[in-house]
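Let's walk through this structure together, starting with a sheet and moving on to rings, a loop and an annotated region. Keep the viewer open as you read.

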Amino acid sequence: MKYERIRKGRFIKRPNRFIAHVEIDGKEEIVHVKNTGRCAELLVPGAVLYLQESDNPDRKTKWDLIGVEKGDRMVNMDSQVTNQVVKEWIEEGKWFPEVTLLRPETTYGNSRFDLYVEYGGERRAFIEVKGVTLEEEGAVRFPDAPSERAVKHLEELGKAVEEGYEAYVFFVIQMEGVRYFTPNRRTHAAFADALVAAANLGVKVLAYDCKVGADSIEIKEEVPVVLQNPELYEAAEALVPWFRENKRDLPWRKHVSAYRVWVSEIMLQQTRVEAVKPFYQRFMEALPTVQDLAGAEEDLLLKLWEGLGYYNRVRNMQKAAQQIMVDYEGEFPGTYEEIRSLSGIGSYTAGAISSFAFGIPKPAVDGNVLRVVSRLLASEEDIMKVSVRGKIENALEQVIPKECPSDFNQGLIELGAIVCVPNGEPKCDICPLSGFCRAKELGIQNRLPVKKKAKERRVEEKTILIFQDGETVAIKKRPNKGLLAGMYEFPNLEGKRSMEEVVSFSKSIGLTPLRVRELGEAKHIFSHVEWHMNGYALRVDELEKHCTEEMIFAHPEEIQKTYSMPAAFEAYTRYVDIRLGQEKYRN
């Protein structure tokens, strides 16, 4: 699009939306403003303007305001030119193929849309064009003033899609070199909501910047569209370089593969990073491939997992490994949907594997990420709700950089782990995202996220019995279903029993105590239940010969090496020199 008869001037004032006073060749002139938006950030005293002289001698105002210099950037302010620019672009064949009809100002329902196109045989499309001049630090927004008419057009476009038309909102960014477009929620929240609703109905939202000269404007390059939460888009730009510079040296970040990521992520659930490192190393040495995991004996699996807790995690891992062997011929599946279908893998783990190992732009939302995003957006929603997690996943998926989804996801997790920390004051002074964190701006970062208290855990009382003769200790296998399924434990009784009750029970199973010693109390917390325990050590004579209950009698060294015992019994294993989990590897 080319203009003729362009002159340069300087802005003086704007008494209303339609006219401005401009100095042209040393003389103050009244000019017509072809943009009824506020444009307050553009029309500042002394700003260099570009004006078109009218070819109509009868016009009251001789000049039209066409453009303005904003710093080093030229901004076209002609709101009437944007339809023509898009029309020319279509006519040049740069959008739709095989166009058979291109018509301006076409009525549909109660609206008149800017353009109507028929192309490619029987395809029909409505296009609503919006000019954008509001720019702040590279982000462009629309509108800069409330527009009920624009909301109505969006609603009508949604109806057109439901009736089989294609529908587009085309934001013409009337300048060059911007970072992204986002609806201006601060100025007109109803428009922002309507744009999101239209997009959800299938209306396509596009934004392109323009090469702008003093006498010309033409569409140039597509601009990213951020429909919601621009803070998250801004976060991506700051977060990725921060992560690359500050990431911790962790074993699963070396020689990255889907299997290695998977093992580490399952281990890291409910367990601290430092605690996981040695478990991960031993697990990978023992079971380095999916095939090894699929074929491992259960006792070996549980022994390798001993001390990590939540033992169903490793059982589900084996089921998933067996699925991979059968359904994918031993090759780890490479799409998010396939990974998500594996046993025991939820949206977080599927997102982590997809993005870390395969570069797929899917979110990986764990507790760290929920906390970071809640603070960034100053969200008062309860992060324990599934719906809130889903909302955050959807928001992040819109802004994950396609060129580096792994660094983005890991960056959010890392930030939550070492900077935007829980249970205390976040380290906002070193946070790369503090500049656009709403919670910090409002001073509420210490009380976010909102996390409603879980239901109180059920308390179970148990009495732990350590039967020991000269060499061996009695243990028994737990049932194959339920809590700590298939693991080994010391014999125990429900309830808090007295020494007399313990001696009586011992005799009833054929074991006569020679000496009984009280071991004191202990507590172990599971996710939904607490064990409150007291214990007794009972010295008996020849365990295996007289016992009438099914038990295993083994030397403590053999138990430590072969049998998987949960950390729930750690307070009592030390009495017979058995170390569990990581403890057994310490000198």
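Two strands pair if DSSP finds at least two bridges between them; helices (H or I, at least four residues) and strands (E, at least two) are DSSP runs, numbered from the N terminus. This is a predicted model, where local features need pLDDT of at least 70 and side-chain atom pairs count only at pLDDT 80 or more, while totals for chains, interfaces and linings use all residues. Residues are numbered from 1 along each chain as its sequence is written, and side-chain values use heavy atoms, with hydrogens and water left out.

With that in hand, look for the open sheet of six strands, which runs in the order S7-S8-S9-S12-S14-S15 with mixed pairing. Its edges are strand S7 (99-108) and strand S15 (216-222), each of which pairs on one side only. From one strand to the next, the twist averages 35 degrees (axes are lines fitted to C-alpha atoms, for helices over the stretch in contact, and angles run from 0 to 180 degrees between N-to-C directions). Within the sheet, S8 (residues 111-119) and S9 (residues 123-132) pair in the antiparallel sense over five bridges, and Tyr119 stands opposite Arg123 in S9. Helix H2 (residues 148-162) packs on the sheet and touches S7, S8, S9 and strand S12 (166-173), where contact means heavy atoms within 4.5 Å. The direction of H2 makes about 35 degrees with that of S8.

Now for the rings. Rings of Phe, Tyr and Trp (its six-membered ring) pair if their centres lie within 6.5 Å; planes under 30 degrees apart count as stacked, over 60 as edge-to-face and the rest as tilted. The whole structure holds 29 aromatic pairs. One of them, Tyr108 with Phe126, is tilted, at 5.2 Å centre to centre and 50 degrees between the planes. This pair links S7 to S9, 18 residues apart, and both rings belong to buried residues (under 20% relative accessible area, with exposed over 50% and partly exposed in between; 1.4 Å probe, protein chains only). Tyr119 also belongs to an aromatic cluster, with Trp89 and Phe170 among the other members.

Next, find Ser379 in the loop between helix H12 (367-376) and helix H13 (386-397). Why is Ser379 counted as buried? Because its relative accessibility is 17%. Leaving aside neighbours within four places in sequence, Ser379 is in contact with Ser374 and Leu448.

Finally, an unreviewed UniProt entry lists residues 267-418 as "domain: HhH-GPD"; such positions use the numbering here, feature names are shortened, and annotations may be inferred rather than shown by experiment. Over residues 267-418 the chain is 65% helix and 0% strand.
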